[in-house]
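Student: I have a model to go through with you. Could we take it by question and answer?

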Protein chains: 2
Amino acid sequence: MAQSRLTGDMIDLVAERFRALAEPTRLQIMQELRAGEQTVGALVEATGLGTANVSKHLQQLHAANFVTRRKEGVHVYYGLAGEEVFRLCDIMCGHIEAEAAARKLLFARS
Amino acid sequence: MAQSRLTGDMIDLVAERFRALAEPTRLQIMQELRAGEQTVGALVEATGLGTANVSKHLQQLHAANFVTRRKEGVHVYYGLAGEEVFRLCDIMCGHIEAEAAARKLLFARS
DNA sequence: CCGATACTTTACTAGTCAGTTGAATACAAG
DNA sequence: CTTGTATTCAACTGACTAGTAAAGTATCGG
């Protein structure tokens, strides 16, 4: 099941995907999308970011296949392409919490 | 279990961790470490990268808590701090493969 | 103490990228 | 066709960072 070996090409692709998630702004957008498919304008309002900025981030997330894109009239709706992202975030959160817990323990026995 | 909501601070921390893995070079180093704890010099030889470069990447991985550091005499041994990283990579690989499969399917019915 | 080896730090360069501004495109309504 | 709204594109700036070279630090053997 688990990739015992990551080939050179695959490493590049994986790193590229990680980079798509390595930006707080993009994670914030993903988080907003969790409420459901939304237009660019709605995301702009929800996040307080600039329109062009949000549009660019959405394109990057779309290029990395983390969001879907659907045009309807004058609006463009973006939505989550899957839940993997949040599984990834959960693992990271666990990692961070474990680290915090370890640090706490370290202080406790000083 | 799953974080239904990611707070602002947590988003920053998670993005920071993703960034640590968003570099092919660092993934390559992690991959090498899978064979076991190794010195900086051994990693330099295994990867063909510059010494200072490897040292710096290892520090970043250590700061993100993905590798352990142990000094022994004149050598410094780095090792994997856990297997989460590879779980993350596996999910990403699955994502990439699913995407490739979908593209293939798209071509097939043209 | 001296020199050698292993690693880290610092300073630099070149490339990348987030965010912004203003123009361009697409579509809808009048 | 014209106006207005929604989104994207292009150009720019400032910040960050990978890689490298050279100096600095630590540890061991003699």
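Student: Does B:Glu45 count as buried, partly exposed or exposed, and why?

Tutor: This is a predicted model, in which local features need pLDDT of at least 70, side-chain atom pairs count only at pLDDT 80 or more, and totals for chains, interfaces and linings use all residues. Residues are numbered from 1 along each chain as its sequence is written, with chains lettered from A and ligands numbered from 1 in the order in which they are written. B:Glu45 sits in helix α3 of chain B. B:Glu45 has 14 C-beta neighbours inside 10 Å, so the class (buried at 20 or more, exposed at 12 or fewer, C-beta atoms placed from the backbone) is partly exposed.

Student: How do the axes of α2(B) and α3(B) lie relative to each other?

Tutor: Helix α2 of chain B spans residues 24-33 and helix α3 of chain B spans 40-47. Their axes come within 10 Å and cross at roughly 115°. Angles of 65 to 115 degrees count as roughly perpendicular. The two helices are therefore roughly perpendicular.

Student: Which residues of α3(B) make the contact with α2(B)?

Tutor: Contact requires C-beta atoms, placed from the backbone, within 7 Å. From α2(B) come B:Gln28, B:Ile29 and B:Glu32. From α3(B) come B:Leu43, B:Ala46 and B:Thr47.

Student: Which helix gives the most to the side of chain B that touches chain A?

Tutor: In this interface, 32 residues of chain B contact 32 residues of chain A. On the chain B side, α1 (8-20), α2 and α5 (84-108) each supply at least two residues. With twelve residues, the one that gives the most is α5(B).

How values were computed:
Axes are lines fitted to C-alpha atoms, for helices over the stretch in contact, and angles run from 0 to 180 degrees between N-to-C directions. Helices (H or I, at least four residues) and strands (E, at least two) are DSSP runs, numbered from the N terminus. Angles under 35 degrees count as roughly parallel, over 145 as roughly antiparallel, 65 to 115 as roughly perpendicular and the rest as oblique. Two residues are in contact if their C-beta atoms, placed from the backbone, lie within 7 Å.
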